[in-house]
Amino acid sequence: MTSTAVSPDASFARRRRRVMDRRAATGWWFLAPFLIVFLISFIAPIIYALYLSVFRSQLIGGTVFVGLENYARALQDPQFWSGVSRVTMLLVLQVPLLLIIALAAALALDSRKLHGMAFFRISIFMPYAVPAVVATLIWGFMYGTNFGLIANLNDLFSTTLPNPLSPKHVLAAIANILIWGNVGYNMLIFYAALRVIPTELYEAAAIDGAGQLRIITAIKLPAIRGALVIAAIFSIIGSFQLFNEPQILQAMAPNAVTTYFSPNLYSYNLAFSGGQQNYSATVAIIMGVATMIVAYAVQLRGMRKED
């Protein structure tokens with residue numbers, strides 16, 4: 001009988017592969033809890049919503065397969081498009097103001113010339129810690145013309161201030177709530193990005209005679225462009241997901257906040273008040289896809305500028 005000798009290199013390679021396989025298996029065990037929760041809480045609902053969207057429940061005939069009829073109905077639904085136009089207006093109104101205010105606050109902190117920086121930072125960030133429902137209730141009572149801050153100001157100065165909860169001004173009132181609650185979060189994103197800029201760049205710019213405005217426009221803003229894009233994407237997604245604020249304010253301003261004020265609120269009312277779960281899933285999927293497309297377009301635009 002002949003025996004085949006195994007070279008040391010081959011034996012070492014097999015042992016190395018076994019070690020790598022064990023490490024890979026260990027890594028998957030660590031990932032397993034997250035993957036299970038992710039599949040159950042994210043992937044499974046999306047698949048179920050897609051399933052619901054191609055069926056229709058009716059009194060006669062039960063649940064029937066309708067293919068893309070629900071999507072065609074949504075694209076011709078004036079109430080759906082009314083909600084889409086409203087959140088688009090909110091996005092145009094709220095997102096630029098939110099980012100500008102947050103950026104100004106971050107630049108003020110980064111300048112190191114503020115007195116009471118710790119108080120300034122925590123006072124701006126504190127509203128972000130307030131739950132959206134609580135914040136909407138607080139502002140809703142402040143907006144009231146028969147009670148709250150607006151009513152008190154009218155009584156004190158014998159004036160008639162515009163009603164923030166009127167159909168004409170309710171969108172601006174909601175934008176104010178969103179800005180108040182999210183400025184601090186975006187400020188921290190910008191401030192963290194500003195703190196990692198090498199100080200040598202500022203020193204070189206100062207030697208060249210650049211003022212603070214020139215340093216901001218030529219060094220700081222280009223350096224934090226990635227953070228600006230991320231904050232813009234988060235704010236756009238938040239605008240398209242508008243739900244808590246109109247739902248809470250609906251009881252205070254039923255004439256201004258309709259059941260289809262935003263697509264998410266419309267989808268919620270279709271499912272839980274109208275018994276139209278299939279059409280509700282369709283509206284939710286369309287808005288999810290639209291949000292992804294817009295967010296991706298903003299990301300591409302930001303990356304192109306960065307390049």
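1. Setting aside neighbours within four places in sequence, I174 is in contact (heavy atoms within 4.5 Å) with L90, L242, E245, P246, L249 and F261. This is a predicted model, in which local features need pLDDT of at least 70 and side-chain atom pairs count only at pLDDT 80 or more, while totals for chains, interfaces and linings use all residues. Residues are numbered from 1 along each chain as its sequence is written, and side-chain values use heavy atoms, with hydrogens and water left out.

2. I174 and F261 also appear, together with F190, as the residues with the most contacts inside the largest nonpolar core, which has 64 residues. A nonpolar core is a set of buried Ala, Val, Leu, Ile, Met, Phe, Trp, Tyr and Cys residues joined through side-chain atoms within 4.5 Å. Buried means under 20% relative accessible area, exposed over 50%, and partly exposed in between (1.4 Å probe, protein chains only). In soluble globular proteins, nonpolar side chains tend to be buried together.

3. The structure holds 3 salt bridges, a salt bridge being a side-chain nitrogen of Lys or Arg within 4 Å of a carboxyl oxygen of Asp or Glu. Two of the bridges share D110: its closest N and O atoms are 3.2 Å apart in the pair with R195, and 2.9 Å apart in the pair with K220. D110 lies in helix α3 and K220 in helix α9, so this pair ties together parts that are 110 residues apart in sequence. Helices (H or I, at least four residues) and strands (E, at least two) are DSSP runs, numbered from the N terminus.

4. D110, R195 and K220 are linked in a network of salt bridges. Within this network, D110 is buried at 7% relative accessible area, and K220 is buried at 5%, whereas R195 is partly exposed at 40%.

5. The remaining bridge joins E69 and R56, with the closest N and O atoms 3.1 Å apart. E69 belongs to helix α2 (residues 69-75) and R56 to strand β1 (residues 55-58), and the two are 13 residues apart. E69 is partly exposed at 45% relative accessibility, and R56 is partly exposed at 30%.

6. K220 appears again where two helices meet: L201, Y202 and A205 in α8 meet I215, I219 and K220 in α9. By class, this contact has 5 nonpolar, no polar and 1 charged residues; Ala, Val, Leu, Ile, Met, Phe, Trp, Tyr, Cys and Pro count as nonpolar, Asp, Glu, Lys and Arg as charged, and the others, Gly among them, as polar.
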